[in-house]
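The following dialogue asks how certain descriptions of a structure are justified. Each reply sets a value against a definition and then concludes.

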Amino acid sequence: MLDAFIAVFNFKLIIFMLLGTIGGMIAGALPGFSATMAVALIVPFTFVMDPITGLAVLGAIYTGAIYGGCFPAILVNTPGTPSSIGTTFDGYPMTRNGRGEEALHTATFASAGGGLIGVLVLIFLSIPLARVALKFGPPEYFWLAMFGVTIIASLSSKSLLKGITGGVLGFLISMIGIAPIGGDVRFTMGISTFQGGVEILSVLIGFFCIPEMLRIAGEIRKNKLADVKVERQTGVIKKAFLNNFQKPVNFLKSSIIGSFIGVLPGAGGNIANLVAYSEAQRSSSDPESFGTGNPAGVVATESSNNATVGSAMVPLLTLGIPGSPAAAVLYGALLIQGLTPGPELFTTNATVVYGFMIALLVAQFMILILGLAMGKNIYSAVTKIPAGVLVPSVIFLSVLGSFAIRNNVMDVIVMFISGLIAYTLKEFGFHAGPIVLGLILGPIAEKGFVQGYLMGVASGQPLMIFLTRPISIILIIITIMAVSWPYIRMLREKKHKGVTI
Amino acid sequence: MKRNTDLYGGLFMIFISLLFWSKLSKLNEYSKLFPIIVIIVLSILGLALIIKSFVKASRSELFVVDDKKSVILIVLVTFAWVFLFKKIGFAVTSFVALTSLLCILSDKRNIKAYFKCAIISAVEIVILYMIFSNILYVPFPKGLLF
């Protein structure tokens, strides 16, 4: 742990993190530019950094981007990222009431505080969970991969059928290359570069950046961000602080909701902010004031979405299961640094893991200081970036980044074709999240399945091994619950509507 | 016109399943054990989507954008860029492609605006080329030109 502290608190790393946080805040403030895209585009720049610096920079960008989404949400009623949708409900009315600066600072305190709680959850939950994960054998890893894909399919897609289909398609793409058990070269379509498998980061950059850039390009005339003049208020920092911590129940409850949702694979800030907002409104003594400029609404959404940043790393670091699209990109970044996410990481590369956690803590203080000092100026700067320059620049960075991974032109072609496939599939209702998670979890699922099958063959019952071990049974039950949840929710909503009518 | 997205999605999945199935024959038992299961599951899901498309189809308009021409041009320019930069050279293709993308999305259509696009493109390429070659040590293909 001491080594990790020493590694993080050096001048160069802090400067890189500051730049990363500012870059993340700018990216988050750009509507259509998600936190995942920001992280994916910067991964190639971290290759030459040591693992702690590289991960710290990516963590800072992610934290900054989730926070930065609140600027346009509060100032122009347009969420910068899906994690800030709920912030528009009360943040924008506050701006219209001349309290925009107070709303921005309230969001800053809430984001930093919520983020801090999320990282503490990561620190205190990941070590015991990693110990449990060490007991996992191949069948458990197989079911864990199934759970990861089904829950992201049920949460991120409107249609569960399309979500699961996307996840299975991701599994199939992951099988291109050498079989992990069996050793044959498979499905390369005669392309020699594919023998080592499809480069995950190229696919991630293509899936997350290209469709969004094409969408923005197609609506470029509508994508002009309005600049707003934020009225100056006196004693605003004190007011913002009190909005959060005078009655801290709302802040604490929302941060805990965000932390819990973040730990679930597949669920992230986009769900947490709405759940926390609805809970804050439900438990408020003055629920009618929500939606008219109540700072408690901003506190709820911003503390919960930033709490997911740290807690989303729990399944990634302990189980090797990326819990969100941004965590999937970090998974790729870890692989490139030669690190395999999973419980062994805590023993083989403890300094890197703890260093990453400490860096995430530092990032929360950075968004607090930078947010209070220059939050509204960052938004003002963002409004001056024309979409006509942004789109070509992001495409250029995507080309450069995917080439830099292995200095291979085929990775650039894979990136662009993946982007076009993702754009087309999105039109058909298939979201990138399940496909990408399937791509990452495919090898884990296959290795778990084939090794488990061989263990079963040795004991005379090839498939029973998947259904009889206690941890497997628990994972099967929660997988079934993940699949059934949308239907249960739909039935409950129908029943509720029926009662109302 | 609203299209049946379930039908298109289902057909795409069946096509992918058949494509991968056709490559299974030469693999050994353990290399094809999991792919067989995944291909079968994907085909079933594809079929389920096709059946759903006849029973309760999801319909939506496809590729609805205000400026279709720009999107098509961007795709074509980027396509040429990624396929040609090894042969012609990274710097030259990137300059031409990036300038073209900036011009396609530019508000104004006059010589001054195009010149501005070329300047932005040159500055971006020089900065990123320097970062990638001198700090990240990425050797870009020089090709026929540069």
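**Values and definitions**

Q: What makes the largest nonpolar core, and which residues have the most contacts inside it?
A: The largest nonpolar core has 204 residues, and Val39(A) and Leu204(A) have the most contacts inside it. A nonpolar core is a set of buried Ala, Val, Leu, Ile, Met, Phe, Trp, Tyr and Cys residues joined through C-beta atoms within 7 Å. Helix α18 (residues 350-382) of chain A gives the most to this core, with 15 residues. Helices (H or I, at least four residues) and strands (E, at least two) are DSSP runs, numbered from the N terminus.

The model is predicted: local features need pLDDT of at least 70 and side-chain atom pairs count only at pLDDT 80 or more, while totals for chains, interfaces and linings use all residues. Residues are numbered from 1 along each chain as its sequence is written, and chains are lettered from A and ligands numbered from 1 in the order in which they are written.

Q: With which residues is Leu204(A) in contact, leaving aside its neighbours within four places in sequence?
A: Leu204(A) is in contact with Ala40(A), Ala328(A), Val329(A), Gly332(A) and Val436(A). Two residues are in contact if their C-beta atoms, placed from the backbone, lie within 7 Å.

Q: Why does Met25(A) count as buried or exposed?
A: A residue is buried if 20 or more other C-beta atoms lie within 10 Å of its own, exposed if 12 or fewer, and partly exposed in between, with C-beta atoms placed from the backbone. Met25(A) has 32 C-beta neighbours inside 10 Å and therefore counts as buried. This residue lies in helix α2 (residues 11-29) of chain A. Leaving aside neighbours within four places in sequence, its contacts include Gly64(A), Tyr67(A) and Leu370(A).

Q: Why are Phe187(A) and Met189(A) called buried or exposed?
A: Phe187(A) has 20 other C-beta atoms within 10 Å, so it is buried. Met189(A) has 8 C-beta neighbours inside 10 Å, so it counts as exposed. Phe187(A) lies in the loop between β2 (185-186) and α10 (200-218) of chain A, and Met189(A) is also found in the loop between β2 and α10. Phi is near 50 degrees in Phe187(A), a positive value in a residue other than glycine; Met189(A), not a glycine either, has a positive phi of about 55 degrees.

Q: How do you know that the span of helix α14 (residues 295-311) of chain A agrees with the expected one?
A: The expected span of a helix is 1.5 Å times one less than its number of residues. The 17 residues of α14(A) should therefore span 24 Å, and the end C-alpha atoms are 25 Å apart, which agrees. This helix is mostly covered, with 17 of its 17 residues buried.

Q: How does the radius of gyration of chain B stand against that of a compact globule?
A: The radius of gyration is taken over C-alpha atoms, and the globule rule is 2.2 Å times the number of residues to the power 0.38. For 146 residues a compact globule would have a value near 15 Å, but chain B has 23 Å. Buried residues make up 30% of the 146 residues in chain B.

Q: What makes up the side of chain B that touches chain A?
A: In total, 56 residues of chain B are in contact with 51 residues of chain A. Helix α2(B) gives the most to this side of chain B, with 13 residues.
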